[in-house]
Amino acid sequence: RPAWRDARPLLDREVARVGVAAMRGRLDAILGGIHPSSRFEDGVLKIRDPEPARFDLAGRPLVLVPMVSGGDALICSLDRPDAVWLGYPVPGAGRLFRSQPAQDGGNALELLLGPVRAQVLNAVSRPVTMGELATLTRLTPSAVTYHCERLAVAGLVRRERHGREVRVSLTPRAERLTELFDE
């Protein structure tokens, strides 16, 4: 249960990411990076497999299923007559399964940004208010403000005022950075 609870923001972000890509007619961008052993070219999703085969969707819709799993997981079901589904690791799930710090006492993102800023980035899996971020990170509001200012200057977070609240969200650069260090 804790892993699913912790994964909820990642799953929500992935649903939004795929939804935006679908609305913009850019599912090729999603399919092109769905798994390290796959590529999407000329309208064909190619997945490296020890027993290669060719499958046609035969007019069935492709259903994308983000999974809370390790980065190498990939499941495909071609058996249903109404749809073909593809289960792939949700981006960012790797951080849910970290049990040991790196040999030098910290993970790579912490070594790059420092432990507090890495903690702030990892806590912003969806847009959050500054107050929520202070609660999630167990930092004082002034410390959250200071570190968010520095992360904003680096182009890693965006702060937007909504009435009396300031919401913090990751920039695409930060999403790529945190995904890079998920492994």
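Me: Against which helices and strands do the buried residues of H4 pack?
Reply: Happy to walk you through this predicted model. Helix H4 spans residues 115-123. Its buried residues pack against helix H3 (108-113), helix H5 (130-137), helix H6 (141-153), strand E7 (157-162), strand E8 (165-170) and helix H7 (172-180).

Me: Which residues in helix H4 are buried?
Reply: Buried here means under 20% relative accessible area. In H4, the residues that meet this cut-off are Ala118, Val120, Leu121 and Ala123.

Me: Why is one side of E3 and of E4 left without a neighbour in the sheet?
Reply: Let's start with the sheet, which is open, has mixed pairing and holds 3 strands in the order E3-E5-E4. From one strand to the next, the twist averages 15°. Strand E3 (62-67) and strand E4 (75-77) have one side free because each stands at an edge, with a single partner strand.

Me: Which residue in E5 stands opposite Ser77?
Reply: Good one to look up in the structure! E4 and strand E5 (residues 84-89) run antiparallel and are joined by 3 bridges. Opposite Ser77 in E5 stands Trp85.

Me: What is the bridge partner of Glu41 in E2?
Reply: Strand E1 covers residues 38-41 and strand E2 covers residues 44-47. The two pair in the antiparallel sense over 4 bridges. In E2, Glu41 has as its bridge partner Val44.

Me: Which residue in the turn between E1 and E2 has a positive phi?
Reply: E1 and E2 form a hairpin, with 2 residues between them. The positive phi in this turn is about 55°, and the residue that has it is Asp42.

How values were computed: Residues are numbered from 1 along each chain as its sequence is written. This is a predicted model: local features need pLDDT of at least 70, side-chain atom pairs count only at pLDDT 80 or more; totals for chains, interfaces and linings use all residues. Side-chain values use heavy atoms; hydrogens and water are left out. Two strands pair if DSSP finds at least two bridges between them. Buried means under 20% relative accessible area, exposed over 50%, partly exposed in between (1.4 Å probe, protein chains only). Contact means heavy atoms within 4.5 Å. Axes are lines fitted to C-alpha atoms, for helices over the stretch in contact, and angles run from 0 to 180 degrees between N-to-C directions.
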